[in-house]
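User: Please take me through the fold and the aromatic contacts of this model by question and answer. I would like each term to come with its cut-offs.

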Amino acid sequence: MPKRFAIVAGARPNFMKIAPILRQLDARESLVTTLIHTGQHYDRNLSDVFFDDLGIRRPDLSLNVGSGSHARQTADVMVAIEDVLVEAAKRNEPYDRLVVVGDVNSTMAAAIAATKVHVPVAHVEAGLRSFDRSMPEEINRMVTDSISDLLLCSEPAGVENLIREGHPQSRVHLVGNVMIDTLLVHLEKAKSQNTLSRLGLSPQNYGVVTLHRPSNVDDPKMLHELLEVLAGISNQLPLVFPVHPRTRARITEFGFESMLASNAQLRLLDPMGYLEFLCLTSQAKVIVTDSGGLQEESTALDVPCLTMRENTERPVTCDEGSGTLIGQSASKLRQQLESVLAGTYKVGKCPTLWDGNAAVRIADALVGSVCKS
Ligand code: UD1
């Protein structure tokens, strides 16, 4: 009998993580892998474009849960995943393992549903902690790790956190960063896109901005301050800002559109596909962001990353990589940007095991775990 795995993806940052893992699992003999898309993200430019750019096969199952409050979205994913797992068991094709990645609501919801029907869960990107429980992702990370029996970590801090929380060493593996597998595979192709010429930009002569965290964009005062600082900076360095739908909605709701319309150097764009965005980030002078994934990609690219957060669950991006935590301080942002422009900003180094082979180590651990059981 083949071993049956289910791998779950729901939102934009999940897709770059599942792509190389799925490729590895599909290539392993005596393994049948079902790709489940929860539908947390459903817009073409937050979902389908990543399947196209990354060559991910179409999902075997699409759950179409869509948007909603945290409780509603989580509940909808749990119900739908439970149905999938229970139906499979009834057909006498039970799943041996469910794999979740990252820290979005779909990750936690799928992990809870699977654990309750006794399908063991593996969590890729386990152990990361911001120690800030006001972030929805921190709750998702803590809950998912607490019920997963295979914990696959991207950086040493993940291992340390899990051991401190009492997880047995045998369940915790440092496998490296699977998102960087995807980046390394696609970097050359991304650089050959015409994105820069289309936007009238030249390499090393612009910055890239992304902001979507509730703490930065849901409070009008905070969002206004951030946009003012960015507008100021754009007089020295043009900035391009692909805008997440959440942020776009807040800009409209708070009436900030006119303030931005008058500034040609801070350009708001629609969200971009993977290759176009990597084309932009890989040749940027600086990145200003609150995204966890982009902190990691900047470190792999050694592009200065000014992180608009008070904390990070990815400390290696600041301790070793090209990242600096700015918090929400306009003066610190200006100061660090001056340093980038003056050429005195630190040079980062790429962390151990961010080497393009994380998916192989993950697949080995996954297959090893079902063969033992
Ligand atoms: C989610 C993740 C976040 C991740 C981010 C990347 C959680 C708690 N948050 O945040 O960790 O960094 O994805 O993008 O899981 N919307 C659309 N189109 C879509 C999907 C959403 O317009 O395809 C809009 C809807 O108004 C929705 C809002 O975005 O209500 C928020 O979507 P949601 O999935 O709840 O969270 P994100 O902010 O995208």
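The turns below go from the whole chain to the sheet, its central strands, the aromatic rings and two loop residues.

User: What kind of model is this, and how are its residues numbered?

Analyst: This is a predicted model, in which local features need pLDDT of at least 70 and side-chain atom pairs count only at pLDDT 80 or more, while totals for chains, interfaces and linings use all residues. Side-chain values use heavy atoms, with hydrogens and water left out, and residues are numbered from 1 along each chain as its sequence is written.

User: What is the radius of gyration of the chain, and what does the globule rule give for 373 residues?

Analyst: The secondary structure comes to 17 helices and 13 strands, where helices (H or I, at least four residues) and strands (E, at least two) are DSSP runs numbered from the N terminus. The radius of gyration is taken over C-alpha atoms, and the globule rule is 2.2 Å times the number of residues to the power 0.38. The chain is as compact as a globular protein of its length, because the rule gives 21 Å for 373 residues and the radius of gyration is close to that, at 20 Å.

User: What percentage of the residues in the chain is buried?

Analyst: Buried means under 20% relative accessible area, exposed over 50%, and partly exposed in between, with a 1.4 Å probe and protein chains only. By that criterion, the buried share of the 373 residues is 57%.

User: In what order do the seven strands of the open sheet lie?

Analyst: Two strands pair if DSSP finds at least two bridges between them, and in this open sheet of seven strands the pairing is parallel. The edge strands, each pairing on one side only, are β3 (61-62) and β7 (172-174). Read across the sheet, the order is β3-β2-β1-β4-β5-β6-β7.

User: Why is β4 described as largely enclosed?

Analyst: Both faces of β4 are covered, with Arg97, Val99 and Val101 buried on one side and Leu98 and Val100 buried on the other. Strand β1 (residues 3-9) runs parallel to β4 and is joined to it by four bridges, with Ile7 having Val99 as its bridge partner in β4. The strand is largely enclosed by the rest of the structure because the buried residues of β4 number five of the five.

User: Which residue of β5 is the bridge partner of Leu98?

Analyst: Strand β4 (residues 97-101) pairs with β5 in the parallel sense over four bridges. Strand β5 (residues 121-124) is itself covered on both faces, since Val121 and His123 on one side and Ala122 and Val124 on the other are all buried. The partner of Leu98 in β5 is Val121.

User: Which helix lies between β5 and β6 in their β-α-β unit, and what is its handedness?

Analyst: A crossover is right-handed if, with the strands pointing away from the viewer, the path from the first strand over the helix to the second runs clockwise. Strands β4 and β5 form such a right-handed unit with helix α4 (residues 105-116). Strand β5 is also joined by three bridges to the parallel strand β6 (residues 150-153), and Val124 has Leu152 as its bridge partner in β6. The helix completing the unit of β5 and β6 is α5 (residues 136-147), and the unit is right-handed.

User: How many residues apart in sequence are the parts that the pair of Phe15 and Phe50 ties together?

Analyst: Rings of Phe, Tyr and Trp (its six-membered ring) pair if their centres lie within 6.5 Å, and planes under 30 degrees apart count as stacked, over 60 as edge-to-face and the rest as tilted. The structure holds three aromatic pairs, among them the tilted pair of Phe15 and Phe50, at 6.3 Å centre to centre and 35° between the planes. Phe15 lies in helix α1 (residues 12-27) and Phe50 in helix α2 (residues 48-54), so the parts tied together are 35 residues apart in sequence.

User: What is the angle between the planes of Phe254 and Phe256?

Analyst: Phe254 and Phe256 are both buried. They form a tilted aromatic pair, 5.7 Å centre to centre, whose planes meet at 55°.

User: What is the relative accessibility of His118, a residue with positive phi?

Analyst: Most residues other than glycine have a negative phi. Ser30, in the loop between α1 and β2 (31-37), has phi near 55° and is exposed, with a relative accessible area of 55%. His118, in the loop between α4 and β5, has phi near 65° and counts as exposed, its relative accessibility being 71%.
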